[in-house]
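I opened the notebook to record a few look-ups in one structure. The entries follow in the order I made them.

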Amino acid sequence: MTDPMNRTLSIILFCLMPIAAYCAEGKKLAITIDDLPVASATPVSVDEKREITEKILSALRDRDAQAVGFVNEDKLLEDGGIDANVALLEAWLDDGMELGNHTFGHVGMHETELSAMKAAVLKGEPISRWLSERADRPYRYFRHPFTQTGDSIEEQFAFESFLAAHGYTVAPFTIEHTDYLFSCIYDHLAAGEDPGMDRTALVAEYMQHLGDAIDAFETMSDDLFGRPIPQIWLIHANRINAATLSDSLELFKSRGYEFVTLKEALEDPAYATMAGPSKRYGPSWLLRWARSMRIRPSVFGQPDPSETVMNAFRNSCQ
Ligand SMILES: [Zn+2]
């Protein structure tokens with residue numbers, strides 16, 4: 001029997017199993033990438049930013065996957081000059097991606113007055129909006145820094161009304177895998193430091209952790225909605241994802257995911273579920289929904305990274 005036939009047979013058998021809902025509905029993933037142009041815990045040159053951007057875009061291109069990249073426009077003023085940093089955003093648009101607003105200054109709602117949040121939104125949009133319009137791409141999504149959506153329902157609603165009045169749709173997320181933590185260790189390794197583990201071991205742990213996270217958030221989707229809702233993955237534009245995005249996308253593919261736009265994911269009725277204010281911590285929307293639906297999910301997010309990773313994080317990042 002040839003390999004393709006084997007695969008077809010496996011898929012048929014898989015779909016006859018009790019988890020048939022997965023096959024009937026299909027698993028979908030929207031990809032969102034924060035902190036553009038590039039996030040790094042250590043200094044990063046313009047040339048390296050270009051390399052990171054190109055690797056991320058090439059991984060997306062190879063999989064025909066679209067992503068929304070959320071920009072902190074204050075970063076356009078960093079070393080290298082505004083032209084070089086703006087060119088990185090243009091590369092995203094040239095590859096058919098969308099840009100979104102992540103505020104000027106990456107300010108979180110927990111520690112920022114509402115008036116200052118609104119100012120950071122308006123100050124964070126002019127270049128991305130203009131570039132998007134010039135490239136004939138929509139400019140329509142807002143991602144809260146630290147995914148903090150407010151300390152009270154009143155504050156959340158006031159800010160979301162402001163966002164809506166300025167044409168923004170809030171971009172929630174359902175899957176994350178503490179990529180900022182692994183990324184910080186990776187950045188220090190790239191800077192020649194010794195956090196106590198090498199790059200190969202770190203990447204292996206990172207991929208394992210992504211698998212654990214997908215397991216957990218799929219279980220939560222089933223617990224809450226009895227089906228696999230389209231998931232929204234949050235990662236950052238950083239070195240470790242430049243190195244691993246291709247493998248990460250392959251992992252999703254091997255688990256049966258089809259890549260969809262954020263717009264398509266948000267059309268699923270699950271996303272109309274009320275998610276209350278996050279306060280300080282900004283967990284997956286699946287956890288926020290569990291709270292408002294008064295459902296106790298059988299898992300609460302992915303397991304913590306291993307002790308080796310946490311030690312390396314303490315050694316280099318704290
Ligand atoms: Zn961010």
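Entry one. I listed the contacts of D179, leaving aside its neighbours within four places in sequence, and found Y206, I235, H236, N238 and N241. I noted that the model is a predicted one. D179 itself sits in helix α8, which covers residues 179-190.

Entry two. I asked which side chain of opposite charge is nearest to D179. It is R143, at 9.5 Å. A salt bridge needs the charged atoms within 4 Å, so D179 has none, although D179 is buried.

Entry three. I turned to the zinc ion and asked what its protein donors are. They are D35 through OD, and H102 and H106 through NE2 in each case, at 2.0 to 2.1 Å from the ion. Along the chain I read their spacing as D-x66-H-x3-H. D35 lies in strand β1 (residues 27-36), and H102 lies in the loop between β3 (98-101) and α5 (114-123). I wrote down that this pair links distant parts of the chain, 67 residues apart.

Entry four. I checked whether these two donors are buried or exposed. D35 has a relative accessible area of 10%, so I entered D35 as buried. H102 also counts as buried, because its relative accessibility is 1%.

Entry five. I looked for a nonpolar patch on the surface and found one formed by I153, F157 and M274. Together they have about 250 Å² of accessible area. I153 belongs to helix α7, residues 153-165. I entered I153 as partly exposed, because its relative accessible area is 31%.

Terms used: Residues numbered from 1 in each chain as written. Predicted model: local features only at pLDDT ≥ 70, side-chain atom pairs only at ≥ 80, totals over all residues. Heavy atoms only, no water. Patch = residues over 30% accessible without salt bridge, like charges linked within 9 Å, V, L, I, M, F, W, Y side chains within 5 Å. Areas by Shrake-Rupley, 256 points an atom, 1.4 Å probe, with all protein chains shown as cover. Helix = DSSP H or I, 4+ residues; strand = E, 2+ residues; numbered from the N terminus. Buried < 20%, exposed > 50% of the residue type's maximum accessible area, 1.4 Å probe, protein only. Donors = N, O, S within 2.8 Å, 3.2 Å for Na, K, Ca; no water. Lys, Arg positive; Asp, Glu negative; His and termini not counted. Contact = heavy atoms within 4.5 Å.
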